Amino acid sequence: IYAIPHTYERPLDCTIGKNRSPFKAVYFARYAQDKGHEFAFEAFKKVVEKLPQAEFHCYGTGSRLGELHGLVKKLEMTQHIFLHGWCEDVTEEYESAALSIISSPSESFSLTIAESLAHGCPVVGFNVPYGPQELIESGVNGYLVEFKETDAMAERIIQIMKDPSLQRELSENARESSKRFSESTVKDLWVKLFQNICPEFKFSIQPQVLI
């Protein structure tokens, strides 16, 4: 049994990480219980204790937005954690951030992670079933920590923010690792599957055609 992933490629005309803020983190997710924003907030409060210039920008929509605004206020993080609405240009946000955070208690194939990696934005997240460990290679294109271990999550975020050379290395590795989700690579996996099922047929797919 094997999986053929979704595809994601950064736009060819995007500006590659020239204006990254070393102290900016982002999170793209619905404002819903199954996205675990509270764990990311808890971790980021610990980041700000060490790096008071750090900012965490979240984007999304959902019924939990009001509750999360209240939590940010309770944590006294209104100058550091920002809850935005729907984002029309994820490219700009990923390419301007030092890292992204994902704090879900579970994930399948996460397009949020795939997008982040394609834009050279390393990911810090929880090692939960099943998607994060398929996409994130800890220490290579981001870091995985155990679920709810917000101290460990904060440590990894601080490590990336404080070390520009590490951030660049993780960023380059993230872009490289995302190539396995390119349209051409995924197309070849589908063609190979069809040829194995029906070896008597010849499959010819033009590069611009998506399956």
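Here are three short exercises on the salt bridges of this predicted model.

**Exercise 1.** Work out which parts of the chain the salt bridge between glutamate 95 and arginine 20 ties together.

*Solution.* Start with the contact: the two side chains meet in a salt bridge, with 3.5 Å from N to O. Next, place each partner. Glutamate 95 belongs to helix H3 (residues 90–95), while arginine 20 sits in the segment before strand E1 (21–28), so the bridge joins parts that are 75 residues apart in sequence. Now check the surroundings: both glutamate 95 and arginine 20 are buried. Finally, look for further partners: Arg20 and Glu95 are linked with Arg175 in a network of salt bridges.

**Exercise 2.** Find out where lysine 46 and glutamate 42 lie, and how many residues separate them.

*Solution.* Begin with the pair itself: lysine 46 forms a salt bridge with glutamate 42, and their closest N and O atoms are 3.7 Å apart. Then find the element: both residues are in helix H1 (residues 37–50), four residues apart, which is about one turn of the helix. Last, turn to accessibility. Buried means under 20% relative accessible area. Lysine 46 has 22%, so this residue counts as partly exposed, and glutamate 42, at 37%, is partly exposed too.

**Exercise 3.** Decide whether aspartate 34 is buried or partly exposed, and do the same for arginine 30.

*Solution.* First, note the link: aspartate 34 forms a salt bridge with arginine 30, with the closest N and O atoms 2.9 Å apart. Partly exposed lies between the 20% and 50% cut-offs. Aspartate 34 has a relative accessible area of 39%, so this residue is partly exposed. Arginine 30, at 43% relative accessibility, is likewise partly exposed.

Definitions and conventions:
Residues are numbered from 1 along each chain as its sequence is written. This is a predicted model: local features need pLDDT of at least 70, side-chain atom pairs count only at pLDDT 80 or more; totals for chains, interfaces and linings use all residues. Side-chain values use heavy atoms; hydrogens and water are left out. A salt bridge is a side-chain nitrogen of Lys or Arg within 4 Å of a carboxyl oxygen of Asp or Glu. Helices (H or I, at least four residues) and strands (E, at least two) are DSSP runs, numbered from the N terminus. Buried means under 20% relative accessible area, exposed over 50%, partly exposed in between (1.4 Å probe, protein chains only).
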